[in-house]
Amino acid sequence: MKAIRRFTVRPVLPAALHPLSELARNLRWSWHAETRDLFQSVDPERWAASGGDPVRLLGSVPADRLAELAEDRRFLRRLAAAADDLRDYVGGDRWYQAQPGGLPAAVAYFSPEFGITAALPQYSGGLGILAGDHLKAASDLGVPLIGVGLLYRHGYFRQSLSRDGWQQEHYPVLDPNELPLVPLRETDGSPAQVSLALPGGHGMRARIWQAQVGRVPLLLLDSDVEENDLGERGVTDRLYGGGSEHRLLQEMLLGIGGVRAVRTYCRLTGHPEPEVFHTNEGHAGFLGLERIAELCDRGLDFDAGLEAVRAGTVFTTHTPVPAGIDRFDRELVARHFGPDAELPRIDVERILRLGLETYPGGEPNLFNMAVMGLRLGQRANGVSLLHGQVSREMFAGLWPGFDPDEVPITSVTNGVHAPTWVAPEVFRLGARQIGVQRTEDALTVGGSERWDSVADIPDQEIWELRRSLREQLVDEVRRRLYASWRQRGAGTAELGWIDGVLDPDVLTIGFARRVPSYKRLTLMLRDRDRLMDLLLHPERPVQIVVAGKAHPADDGGKRLVQELVRYADDPRVRHRLVFLPDYGMAMAQKLYPGCDVWLNNPLRPLEACGTSGMKAALNGCLNLSVLDGWWEEWFRPDFGWAIPTADGQATDEDRRDDLEASALYDLLEKRVAPRFYERGPGGLPDRWIEMVRQTLTHLGPKVLAGRMVREYVERLYAPAARSHRAMTPDAARDLAEWKTRVRGAWHDVAVDHVETSAVTTTAELGTTLSLRVLVRLGGLAPDDVEVQAVSGRVDAEDRIADAECVPLKPTGGPDAEGRYVYEGPLSLDRTGPFGYTVRVLPAHPLLASAAELGLLAVPSEETGEGGGVLMR
């Protein structure tokens, strides 16, 4: 019979065990081994059955066991030590508190998903795991972050397989009362809520749940409250579910409701108000509109409010393809804003203008969330060097006239939270070498360029560690594979073969990620006979563990999963190649350490970063990858392999996949497997062990989330906080008025004449020329602009590469036609073809970039030729 109502019955802990509740409710346990060990000792069997979730564990432990523990003095000493350690961690000074003054009092970090732990399944893939790692690293460093997201009652789907290998989705209902969450409450004890106005006089309310991620509060909004109609209750049902309007409502709740939740949290707790708002991908972009509306309520107009909001906003883009960005029909967005809906005091046309693709190649009737994020953020970044370059090219239309290199999008390469992803055995090896505290600091704060102490670890210890981790993975794979086949309908009698799946002494390759087509899950199947030869090689076999979820609406991705599963079902190879369904954090934490090689073969340059290989590297796993994302940036042949790419425009898709698959097989057959199985005089694979050592030494300190968050603080958060403080209401009004004036007058700005002291088109290295430029400023003054000389090597089409920009000084004017003379030196500091030009840019002390307005003036062809623009 089905229950008509559900309750969560909480255990009553004896007074001596009350600290267990505090430890369970702070998600630091998810990356703190001592706390997890403490919970495991409460009841090892129930700990395993709970999936390593302390909240579920405490809800299932019998009262007599709790009474026994309350009298166990050894357990109580361990409990007191863990509770004291947590209080010291949460309240003590850390890296951030030791930095010079001027850092933001608080930063609000918005993301549509957060992967903190498998016990809080609010993530689908890399974006959520990255957001979770960002919060954890911020906590370790003491950065005063407030996380903001949505609480999805069904989370992301659970994946299983049908008998014929087709992906099945399941959406278990999550009860917030059974999760490591607490409701945020008003001073009278009632649940804290935020509300949004909907078209037609309707409204939507959302409760605020709080997860505590170490020092960092994470606020999650939940629309499943009784005051809402059925449709509104379902807004936070599933992560990335529903149609356009459903997604729009989710993103309005995340952005607009999220700002209101932050204000409520700060009011109730006394937490400092954020000076910087970080938008992690475009889904949360509406947060800028809510902040503009707040400022308009305080007397600023829209334009001044926009400048004030932009000053303190950081926008991170994660997608390298336009198709990966949420875009909504103009009319749908317009219906949800304005007098009859949300933000009624702001003109709908002003809102639309922030997101519409009003640039060459754009679709002007589509509202683009990433475009809005860039227009609302004064600082923006991609997530690897290559992705920063791709993003500058992809969004160059927003800054017409500027070369992609000058588009104001920088990059901060992602990192991963080492305490979450490093196997305890790897940590213990480091602790034996340099001590527990130094190992913890190395993995959290980072800061060193190399981990040189790895050189002192004996080869034998490294190899024994690698085999031990491989053996653990083999046990995990067999357990999960058995459960999967039972779910697919197999009987016990037909599953004896699973006991022989994988071999702890065979080269093990891992491949696990989401399954969009560009990640090419099935590239390894391109030549099945050749793959089978690799798997079954008599002396140098390989074995491959694969996992991944296709989006529920992506039948193409599901077909890729099915194709791989059917190959893996073949009795000839099923002991060497396995597909594990329901990829998630718990599986990943076993998979990364247990593999010898991590495979990544996306279509270059479509992998923005690809952090799974970083997690593997931290455990001594070697990377075999296309040069994309982070691997393009940090690859070196002494600690991994690069798969050659055939990405020329003349190569069609099938031909490219054939070429790259062949290159992959060649690498495995001729370089990777021989290196693994080759033995030195002492019976160890000396050269392989050296590559593991080089991976840990050189990649270890680079791939840390601590390094990433420190870069965000120093390069983006601190400058954004300074801009926020400088943008007083009067300064915001002045800047908005100045921009309006400059945009209105810019059509009259021109470079009328350019001349140099050069008399020939050749010159010696080190020569300095005098440059004289006549500039028409129309209605603007010299203080409104900067005139620059731009010089450098030129290519065959006379385009300047690696340009150097030098400001010229006004020396005279205005003449009768309003023109000014600018002069300055031009140093010929490079040999070979050399060129220069001049340009005029808007200039204001509160601009973060000269390209911010997307305005510039350059010489006409006639003016340039008259000035001898090229020198060869």
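How many of the six residues of strand β16 (residues 542–547) are buried? In this predicted model, six of the six are buried, so β16 is largely enclosed by the rest of the structure. The side chains of the strand are divided between two directions: Val542, Ile544 and Val546 point one way, whereas Gln543, Val545 and Ala547 point the other way, and all are buried.

The pairing of β16 was examined next. Strand β15 (residues 507–512) pairs with β16 in the parallel sense, over six bridges, and Thr508 stands opposite Gln543 of β16. Between these two strands the chain passes through helix α20 (residues 528–535), in a β-α-β crossover that is right-handed. Strand β17 (residues 577–580) also pairs with β16 in the parallel sense, here over four bridges. In this pairing, Ile544 of β16 is placed opposite Leu577 of β17. A right-handed β-α-β unit is formed by β16, helix α21 (residues 555–568) and β17.

Leu577 is also one of the residues with the most contacts inside the largest nonpolar core, which has 105 residues; the others named in this respect are Leu507, Met524, Leu624, Trp641 and Trp688. The element that gives the most to this core is helix α25 (residues 653–677), with ten residues. The surroundings of Leu624 illustrate the contacts made by one of these residues. When residues up to four places away in sequence are not counted, Leu624 touches Val597, Trp598, Leu599 and Asn600, together with Trp641, Ile643, Leu664, Leu667 and Leu668. Of these partners, Leu664, Leu667 and Leu668 fall within the residue range of helix α25. Apart from the largest core lies another, of 97 residues, which includes Leu184, Met372, Ala731 and Trp746. In soluble globular proteins, nonpolar side chains tend to be buried together.

A buried polar side chain was examined as well. Gln250 lies in helix α9 (residues 244–269). Its relative accessible area is 4%, so Gln250 is classed as buried, the cut-off for that class being under 20%. The side chain of Gln250 reaches the backbone oxygen of Val235 at 2.9 Å. With neighbours within four places in sequence left aside, Gln250 is in contact with Val235, Thr236, Asp237, Arg238 and Tyr240, and also with Leu150 and Tyr152. Val235 thus appears both as the residue whose backbone oxygen is reached by the Gln250 side chain and among the contacts of Gln250.

Methods
Residues are numbered from 1 along each chain as its sequence is written. This is a predicted model: local features need pLDDT of at least 70, side-chain atom pairs count only at pLDDT 80 or more; totals for chains, interfaces and linings use all residues. Side-chain values use heavy atoms; hydrogens and water are left out. A nonpolar core is a set of buried Ala, Val, Leu, Ile, Met, Phe, Trp, Tyr and Cys residues joined through side-chain atoms within 4.5 Å. Buried means under 20% relative accessible area, exposed over 50%, partly exposed in between (1.4 Å probe, protein chains only). Contact means heavy atoms within 4.5 Å. Two strands pair if DSSP finds at least two bridges between them. A crossover is right-handed if, with the strands pointing away from the viewer, the path from the first strand over the helix to the second runs clockwise. A polar contact is a pair of N or O atoms within 3.5 Å; within protein, one must be able to donate a hydrogen and the other to accept it, and residues adjacent in sequence count only if both atoms are side-chain atoms.
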